[in-house]
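Reader: I am new to reading structures. Could you take one helix and walk me through what packs against it and which charged side chains pair up there?

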Amino acid sequence: MSILEIISILFILGGVFFFFTATVGLIRMPDYYCRMQATGKGDTLGAFLCLMGLAIYNLDGGLSFGTVLVSTKIMFIAIFIFIANPTATHAITKAGFDCSVKPWTKKKEVQQ
Amino acid sequence: MISFFLWIGMSLGLLVLVCLYRAIQGPTIMDRIVSVSVIGTKTTVILLLIGFIYDRADMFIDISMGYAILNFIGTLAISKFFFSRKSIIPGSKHLKQGEASK
């Protein structure tokens, strides 16, 4: 196993770990806004690490025109997700705030 | 290395199934939208893994890129639809900021 494969395996395992934390946050958090902050960060970093690992693994077969083109495209997807996913998270959170979704508080739960 | 990609794809599929619980059971509409957006991001990675498993990454990468862009555009369109509303529930009265409905 070459050193590029080991680096890509480390990247992909880190990405799956961040996907896992984002999913746990999506299931376990008590409120819509809390779920947004869990998924918006964990999902973005998980996708970025997974795609970077795949791009590094693709470069393992030698530096020809095809592999460099495919790796550049994968890195383009990674950078696009890194820009677009927080934008979508911000837009959907603003839409929920305008629709007056009530934030979760500990005090309200005690009163009920 | 192929079996490693297969295991990663299977674990990501399992996480998609867990996310689908929030999409079905979500208390508000916004939870469902967030869950669908998260599933779309995972699907982008899963498509690339399928491309590497079948050794046709140059073909599957364009599908993955299209999926990522469509996921972003779709989420923005739905949030734009909800910008003009005052409440999530359709047909309800005008509610002030912060004192509303579930």
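Author: What follows is a close look at helix α2 of chain A, its neighbours and its salt bridges.

First, the ground rules. This is a predicted model, in which local features need pLDDT of at least 70, side-chain atom pairs count only at pLDDT 80 or more, and totals for chains, interfaces and linings use all residues. Residues are numbered from 1 along each chain as its sequence is written, chains are lettered from A and ligands numbered from 1 in the order in which they are written, and side-chain values use heavy atoms, with hydrogens and water left out.

Helices here are DSSP runs (H or I, at least four residues), numbered from the N terminus. Two packed helices are described by the angle between their axes and the distance between the axes. Axes are lines fitted to C-alpha atoms over the stretch in contact, and angles run from 0 to 180 degrees between N-to-C directions.

Start inside chain A. Helix α1 (residues 3–28) packs on helix α2 (residues 32–58) at about 165°, with the axes 7 Å apart. That makes α1(A) roughly antiparallel to α2(A) (the term covers angles over 145 degrees; under 35 is roughly parallel). Their contact holds 18 nonpolar, eight polar and three charged residues. Ala, Val, Leu, Ile, Met, Phe, Trp, Tyr, Cys and Pro count as nonpolar, Asp, Glu, Lys and Arg as charged, and the others, Gly among them, as polar.

Now cross to chain B. α2(A) packs on helix α2 (residues 29–53) of chain B at about 10°, with the axes 11 Å apart. These two helices are therefore roughly parallel. Among the residues of α2(A) that meet α2(B) are A:M36, A:A47, A:L51 and A:L54; from α2(B) come residues including B:V34, B:V45, B:L48 and B:F52. Contact means heavy atoms within 4.5 Å. By class, this contact has 14 nonpolar, three polar and four charged residues.

Next, the charges. Side chains of opposite charge can pair when their charged atoms come close. A salt bridge puts a side-chain nitrogen of Lys or Arg within 4 Å of a carboxyl oxygen of Asp or Glu. A:R35 and B:D31 form one, with 2.8 Å between the closest N and O atoms. A:R35 is in α2 of chain A and B:D31 in α2 of chain B, so the pair joins two chains. Both residues are buried (under 20% relative accessible area, with a 1.4 Å probe and protein chains only). A:D43 and B:K42 form another salt bridge, at 3.7 Å from N to O. This pair also links α2 of chain A to α2 of chain B, so it joins two chains. A:D43 and B:K42 are buried.

Conventions. Angles under 35 degrees count as roughly parallel, over 145 as roughly antiparallel, 65 to 115 as roughly perpendicular and the rest as oblique. Buried means under 20% relative accessible area, exposed over 50%, partly exposed in between (1.4 Å probe, protein chains only).
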